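Q: I am new to this structure and would like a close look at its charged side chains. Please describe where they sit and what they meet.

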Amino acid sequence: MRLTVAQALVRFLSRQYAERDGQRHRLIAATWGIFGHGNVAGIGQALLEAGPEAMPFLQGRNEQAMVHAAVGYARQCGRLSAHAVTTSIGPGATNLVTGAALATINRIPVLLLPGDTFATRPADPVLQQLEVPYAGDLSVNDALRPVSRYFDRITRPEALIPAALQAMRVLTDPVQTGAVTLALPQDVQAEAHDWPEEFFAEWVWAVRRPRPDRHELASAAQAVRDATRPLIVAGGGIRHSAAQAALAAFAEATGIPVAVTQAGKGVLRYDHPADLGGIGHTGTAAAGAVAREADLVIAAGTRLTDFTTASATLFQNPAVRFIGLNLDPYDAHKLAALPLVADAREALDELRLAVSNHRVDPAYETAYQQDRGRWEGRVDQAYAVPASDEDLPPTQTQVLGLLDALADETDILINAAGSLPGDLHKLWRARSADQYHLEYGYSCMGYEIPAAIGVALAAPGRPVWALVGDGTYLMNPTEIVTAVQEGIPIRVVVLDNHGYASIGGLSGAVGAEGFGTAYRFRAPDGSYTGDPLPVDLAANAASLGMAVIRARTVRDLREALAEARSATRPTCVYTQTRTPDTVSGPPPAQAWWDVPVAETATRKAAAQAREEYDRQAAQRRRHL
């Protein structure tokens, strides 16, 4: 069959499937694109010729945002279906780098198809060519190598077949998945070639569920039996493996409590008796108290990042041991753990059988359940709206409380950065396995709005909320236009607090005194401490086509959120939040996070912050 390279690639992608547990899913469900000279005559023409039945097309406005939308879609699909993203060479291609890093760090599949400079070099240099004196084969697309799980440049038509097959292998690999990049020189895209018919047959890629090694399983089971204060730390691997039911069954059979990372929150419902809520720096007091005294930590599907381990200060029991239950051997061996390298669902089911009739001491269960009950009281306090507050601007935690009162198990919340991740991890009551969608592997400002579009495409009919601060909104609002164009009724809640609230608070805590973190005019002394900037984000959202509801008070906001939830078009709820007080503010951090403080400074705030830093750092442990 004679087709161009681009036509062959589109046809190939339209016939790829992923299969797990007997369920088949189209692997590349759609392609996002922005066209320039590097892809308009190749991939662009091929998509037009293939038509929407073979390959649906989605028009984006920002290349990074297209990747975020694709990531939101793939995560909502359990990594069993993904999107492709095509761009021109030049700034379009390099704009992919941030999105690619986010996908790879979070281990979410996305296929990147950037155009590239001419393989045949008819002129040298061509437009947007990066000239490197020591290497003639480099282009700006090489910036994608370190943030891609697989990278290839298709400089000849014959090279497409092995590269395309490798790309599909990586996209469906539960350990290695992430951003996959096939750089496509613009001349090669349009070059015709005779392709074997079998290249276009249906391909089904089985997503593996490896079972645990029997020796590793026996060691893990013995460690569980020997422990008196065990704890499960559940991460995103539980979600990706669809192991929520297996985790609940294990916890119910053994009485072992479960604390969750940002990626793992929701794998147990918030009201499950074993659920302690978030763990680590942004976690709950209940999870922190159990973690500090735990003598066994089962790290299930987590990368054990610094937020989770409180920068290696959280697990303080001198006798603590770890079981690394993870499909990735690299993660399974962290903290000198007993490795249990396997699919999370398979490993939890087999470990439950291996420790049958074993249960923790009833006094331990009673103690941690009392801790979680006390924490629920703190959540109620943070969410509370005194009668005197009804006609005042809401605090950020009151915004979450009003949304909590409105939401049911069908709602999906999306966030990535700012002060919201800390409040959500501590306070949000997740009612379903996929309600809590926090991108905290890369914590990328600007992720939320495009990701909401991807999630809504994967979960049509469900209320999808993108929660953003003003700093995050200003980073990447452009895909609002896409939501309007496609009629996707995402709900964007903009909390305007006049700056980078999260980093402003952190800056104050580490002796930098909030420097450069407020959105204000300059004062006479040159600092950004004047009046707030007269920026109207609600008007901006309206100018991009959204329905906008302004909420000045708590009373207004309650009505606005209810109206937005029932909306059938993209809708923005805008409110200016006030500084929380002691009644409605969020609980403080329950564990430390290492942000180095100046070792020598003349300003008092920095000197005091360094004293506190040294005190906390002294508690760090090396688990060897």
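A: What follows concerns the salt bridges of this structure, then a charged residue without one, and finally a sheet and a helix residue.

The model is a predicted one. It holds 37 salt bridges. One of them joins Arg156 to Glu191, with 3.2 Å between the closest N and O atoms. Arg156 is found in the loop between strand S8 (150-153) and helix H6 (160-171), while Glu191 belongs to the loop between helix H7 (186-189) and strand S10 (192-194), so the pair ties together parts that are 35 residues apart in sequence. Arg156 counts as partly exposed, at 42% relative accessibility. Glu191 counts as partly exposed at 27%.

Another salt bridge is formed by the side chains of Glu390 and Arg558, at 3.0 Å from N to O. This pair links distant parts of the chain, 168 residues apart: Glu390 is in the loop between helix H15 (362-383) and helix H16 (396-406), and Arg558 is in helix H23 (residues 554-565). Glu390 is buried, its relative accessible area being 13%, whereas Arg558 is partly exposed at 36% relative accessibility.

A further pair lies within one helix. Glu612 and Arg615 form a salt bridge whose closest N and O atoms are 2.8 Å apart. The two residues are 3 residues apart in helix H24 (residues 604-617), and about one helical turn therefore separates Glu612 from Arg615. Glu612 has a relative accessible area of 36% and is partly exposed; Arg615 is partly exposed too, at 47% relative accessibility.

Salt bridges also join into a network, which links Asp21, Arg209, Asp343, Arg345 and Glu346.

Arg79 presents another case. This residue is placed in the loop between helix H3 (63-76) and strand S6 (82-87). Arg79 is buried yet has no salt bridge, and the nearest side chain of opposite charge, that of Asp343, is 7.5 Å away. A salt bridge would require a side-chain nitrogen within 4 Å of a carboxyl oxygen. A polar atom of the Arg79 side chain does, however, lie 3.1 Å from the backbone oxygen of Pro174. Leaving aside residues up to four places away in sequence, Arg79 touches Ala74, Arg107, Ile108, Pro109, Pro174, Thr177 and His240.

The sheet offers a wider setting. An open sheet is built from 6 strands in the order S14-S13-S12-S15-S16-S17, with parallel pairing. Strand S14 (275-278) and strand S17 (338-341) stand at its edges with a single partner strand each, so one side of each has no neighbour in the sheet. From one strand to the next, the twist averages 20 degrees. Strand S13 (residues 258-260) pairs with S14 in the parallel sense over 3 bridges, and Val258 stands opposite Asp275 in S14. Helix H10 (residues 244-254) lies across strand S12 (230-234), S13 and strand S15 (296-300), and runs at about 170 degrees to S12.

Finally, Leu427 belongs to helix H17 (residues 420-427). Leu427 is buried, at a relative accessible area of 1%. Residues up to four places away in sequence aside, Leu427 touches Val379, Ala382, Tyr383, Thr397 and Pro587. Leu427 and Gly283 are 144 residues apart in sequence, with 8.8 Å between their C-alpha atoms.

Conventions: Residues are numbered from 1 along each chain as its sequence is written. This is a predicted model: local features need pLDDT of at least 70, side-chain atom pairs count only at pLDDT 80 or more; totals for chains, interfaces and linings use all residues. Side-chain values use heavy atoms; hydrogens and water are left out. Two strands pair if DSSP finds at least two bridges between them. Helices (H or I, at least four residues) and strands (E, at least two) are DSSP runs, numbered from the N terminus. Axes are lines fitted to C-alpha atoms, for helices over the stretch in contact, and angles run from 0 to 180 degrees between N-to-C directions. Contact means heavy atoms within 4.5 Å. Buried means under 20% relative accessible area, exposed over 50%, partly exposed in between (1.4 Å probe, protein chains only). Lys and Arg count as positive and Asp and Glu as negative; His and the chain ends are not counted. A polar contact is a pair of N or O atoms within 3.5 Å; within protein, one must be able to donate a hydrogen and the other to accept it, and residues adjacent in sequence count only if both atoms are side-chain atoms.
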